[in-house]
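I set out to record where the pockets and the nonpolar cores lie. The entries below follow the order in which I looked things up.

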Amino acid sequence: MESARIIRIPVERAGTAEQALRAFGVSSSLCTALRKRLGLVSLESEGGPIAIRLTQRLERGQTIRIALPPDCPQPMPVYDLALDIAYQDEDLAIVVKPPHLASIAVHGHYGRALPNALAAVWGDFVYRPVHRLDRDTSGLIVIARNRFAHGALCASGLQREYLALCRGKTDERGIVEAPIGAHPDDPYLRAVRADGAPATTYYRRVAYRDGVSLVRLRLGSGRTHQIRLHMAHVGHPLCCDADYNPDPAPPKLPSGAVLDRQALHSARVALIHPVTKARMQRTHIPTFATDWLGGVLPPDLWEQEI
């Protein structure tokens with residue numbers, strides 16, 4: 001039987017145990033769950049852990065011990081698909097999602113989505129994505145592996161950057177600020193509209209040739225289809241984007257390969273580990289970018305500010 005995940009939290013300043021937990025990144029919902037079950041939170045001492053309530057006052061330098069009960073996942077269908085896992089530990093994983101694979105097992109993708117492919121690696125588990133990628137967008141996606149890590153990662157936020165091939169020569173760098181809302185005619189699409197939710201995208205051109213720009217992009221918000229819609233809004237739609245590009249014909253790649261989905265890839269994620277508090281980042285360059293560049297990446301690809 002799987003054992004509890006033990007998390008040790010240093011008390012940084014005098015106050016209640018709950019204040020110490022919240023300062024460390026424990027979510028309010030998890031604090032509520034811990035409050036209801038005596039024994040999950042304890043104070044470390046020379047004689048062993050001593051169970052405490054979240055209202056107990058503590059001094060700086062003491063250590064709280066949380067025992068997270070193991071999840072009780074429902075069995076899920078397994079999808080036997082090879083996955084590249086860029087990083088994993090007890091608390092999180094960074095997975096390279098291939099294109100044509102849904103991040104969530106929504107209608108039409110039951111049994112053949114990312115959680116099903118991960119079940120082939122991890123067995124039954126509770127799927128806790130920290131963010132999502134469109135079905136045909138590839139690249140890095142962060143998965144929390146327990147309830148504590150999910151709350152902490154969602155609260156602290158992630159820095160995400162993408163690489164995309166866009167039609168035309170974009171400005172060297174730019175900011176797109178355009179509100180996004182529901183499409184008036186298609187429930188599966190989005191549109192720039194005055195009554196939409198605020199959305200900001202930052203971009204920098206990496207290279208340009210043959211009528212196509214390779215662009216780095218950073219999200220200032222996380223709206224559905226945001227990058228695809230914003231770049232189309234400024235006249236540089238993503239190559240092969242059948243939804244927002246009026247001319248989705250694939251670009252000419254040196255290898256002769258044909259791109260069969262929008263040229264968008266989650267290429268870089270940076271985060272603070274929820275337990276160790278170490279700063280982490282992972283990068284992954286898409287095949288369409290290396291192919292379009294002739295296999296030679298700019299040495300300063302990640303050095304320029306967007």
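Which element gives the most to the lining of the second largest pocket? I note beforehand that the model is predicted. I found that α2 gives the most to this lining, with three residues.

**Entry 1. The second largest pocket.** I recorded a volume of about 620 Å³ for the second largest pocket. I counted 27 lining residues, of which Pro69, Pro70, Asp71, Arg145 and Asn146 lie nearest the centre. The elements that give two or more residues to the lining are β1 (5-10), α2 (28-36) and β10. I then sorted the lining by class and obtained 15 nonpolar, two polar and ten charged residues.

**Entry 2. The largest pocket.** I next turned to the largest pocket, whose volume is about 980 Å³. Its lining comprises 37 residues, and those nearest its centre are Asp134, Arg135, Thr224, His225 and Arg228. I looked up which elements contribute, and β11 and α5 each supply at least two residues of this lining. The greatest contribution is that of α5, with three residues. By class, I entered 16 nonpolar, nine polar and twelve charged residues.

**Entry 3. The largest nonpolar core.** I listed the 29 residues of the largest nonpolar core and asked which touch the most other members. They are Val95, Leu114, Leu118, Leu217 and Ile227. Two or more residues of this core come from each of β8 (92-97), α3 (114-122), β10 (138-144), β11 (159-167), β16 (212-219) and α5 (226-233). Of these, α3 gives the most, with five residues. Apart from this core I noted another, of 23 residues, including Ile7, Leu21, Leu34 and Leu58.

**Entry 4. Leu217.** I checked the contacts of Leu217, leaving aside its neighbours within four places in sequence. Leu217 is in contact with Arg160, Glu161, Tyr162, Ala164, Thr201, Tyr202, Tyr203, Ile227, Met231 and Ile306.

**Entry 5. Helix α3.** Why is α3 largely enclosed by the rest of the structure? I found that seven of its nine residues are buried, so α3 is largely enclosed. The buried residues are Leu114, Pro115, Asn116, Ala117, Leu118, Ala119 and Trp122. I traced their packing partners and recorded β7 (84-88), β8 and β10. Just after α3, I noted that Gly123 takes a positive phi of about 80°.

**Entry 6. Cross-reference.** I marked two elements for their part in both a core and a pocket lining. The first is α5, which gives two or more residues to the largest core and gives the most to the lining of the largest pocket. The second is β10, which gives two or more residues to the largest core and two or more to the lining of the second largest pocket.

Terms used. Residues numbered from 1 in each chain as written. Predicted model: local features only at pLDDT ≥ 70, side-chain atom pairs only at ≥ 80, totals over all residues. Heavy atoms only, no water. Core = buried A, V, L, I, M, F, W, Y, C linked by side-chain atoms within 4.5 Å. Buried < 20%, exposed > 50% of the residue type's maximum accessible area, 1.4 Å probe, protein only. Helix = DSSP H or I, 4+ residues; strand = E, 2+ residues; numbered from the N terminus. Contact = heavy atoms within 4.5 Å. 1 Å grid on protein atoms, 1.4 Å probe; cavity = no way out; pocket = protein on both sides within 12 Å on 5 of 7 lines; lining within 4 Å. Points joined across faces, edges and corners; volume = space filled by probe spheres on them. Nonpolar A, V, L, I, M, F, W, Y, C, P; charged D, E, K, R; others polar.
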